[in-house]
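Work through the exercises below with the sequence and the model open. Each one sets a task and then solves it step by step.

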Amino acid sequence: MAFTLTSPAFQNGQPIPDRHARRGDNLSPFLAWSDPPPGTQSYVLVMEDTDAPSQASRHWIVYDIGGDRRHLAEGRSSKARTEDLPHGFNDFGNLHYDGPDQHPGSKPHTYRFRLAAPWHCQSSHRPGTRCSGRVAGCP
């Protein structure tokens, strides 16, 4: 099996529902993963808009997700922050999930969710430390 990341909220290549859009309910989607690499101690999750005008735009960054986890529940990373997981600043300047921000009439964008299993890193690593691991998600 391969290290995979899925969501029952939408299919790969399909639009993300309004429930998870910034102009909608802005709820982070349920995500599940399977077959992590042996020895995984933690995960890092990044959601990017690969069609942003200048460069990939980060909508969600979560790190230090425990290696024993196999999912993130819906809405667990929205403004309510009902789950205490560390977040990085997204490109909206927020420390939480911000969903797609499609403007009416604009061309649909592609959003990429990547889950990395950097098994050679620890949460206390110094800036600039290189990590090795595997990444699951949409290409």
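**Exercise 1: a salt bridge between two loops**

The count of salt bridges comes to eight. The model is a predicted one.

Task: determine which parts of the chain are tied together by the salt bridge of arginine 19 with glutamate 74.

Solution.
- Step 1. The closest N and O atoms of arginine 19 and glutamate 74 are 2.7 Å apart, and the cut-off for a salt bridge is 4 Å.
- Step 2. Arginine 19 belongs to the loop between strand 1 and strand 2, and glutamate 74 to the loop between strand 5 (71–72) and strand 6, so the pair ties together parts 55 residues apart in sequence.
- Step 3. Arginine 19 is partly exposed at 38% relative accessibility; glutamate 74 is partly exposed as well, at 33%.

**Exercise 2: the surroundings of histidine 20**

Task: state whether histidine 20 is buried or exposed, and list its contacts beyond four places in sequence.

Solution.
- Step 1. Histidine 20 is found in the loop between strand 1 (4–6) and strand 2 (31–34).
- Step 2. Its relative accessible area is 2%. Buried means under 20%, so histidine 20 is buried.
- Step 3. Outside its sequence neighbours within four places, histidine 20 is in contact with Ala9, Asn26, Leu27, Ser28, Pro29, Glu74, Tyr97, Gly99 and Pro100.
- Step 4. One of these contacts, alanine 9, is 11 residues away from histidine 20 in sequence, with 8.7 Å between the C-alpha atoms.

**Exercise 3: strand 6 and its partner**

Task: describe the two faces of strand 6 and the salt bridges that link strand 6 to glutamate 48.

Solution.
- Step 1. In a regular strand, side chains alternate between the two faces of the sheet.
- Step 2. In strand 6 (residues 111–117), Tyr111, Phe113, Leu115 and Ala117 point to one face and are buried, whereas Arg112, Arg114 and Ala116 point to the other and are not.
- Step 3. Strand 6 runs antiparallel to strand 3 (residues 42–49), joined by six bridges; valine 46 has arginine 114 as its bridge partner.
- Step 4. Arginine 112 forms a salt bridge with glutamate 48 at 2.8 Å, N to O. This pair links strand 6 to strand 3 across 64 residues.
- Step 5. Arginine 114 also meets glutamate 48 in a salt bridge, at 3.2 Å. Here the parts tied together are 66 residues apart in sequence.
- Step 6. Glutamate 48 is buried at 9% relative accessible area, while arginine 112 at 22% and arginine 114 at 32% are partly exposed.

Key:
Residues are numbered from 1 along each chain as its sequence is written. This is a predicted model: local features need pLDDT of at least 70, side-chain atom pairs count only at pLDDT 80 or more; totals for chains, interfaces and linings use all residues. Side-chain values use heavy atoms; hydrogens and water are left out. Helices (H or I, at least four residues) and strands (E, at least two) are DSSP runs, numbered from the N terminus. Buried means under 20% relative accessible area, exposed over 50%, partly exposed in between (1.4 Å probe, protein chains only). Contact means heavy atoms within 4.5 Å. Two strands pair if DSSP finds at least two bridges between them. A salt bridge is a side-chain nitrogen of Lys or Arg within 4 Å of a carboxyl oxygen of Asp or Glu.
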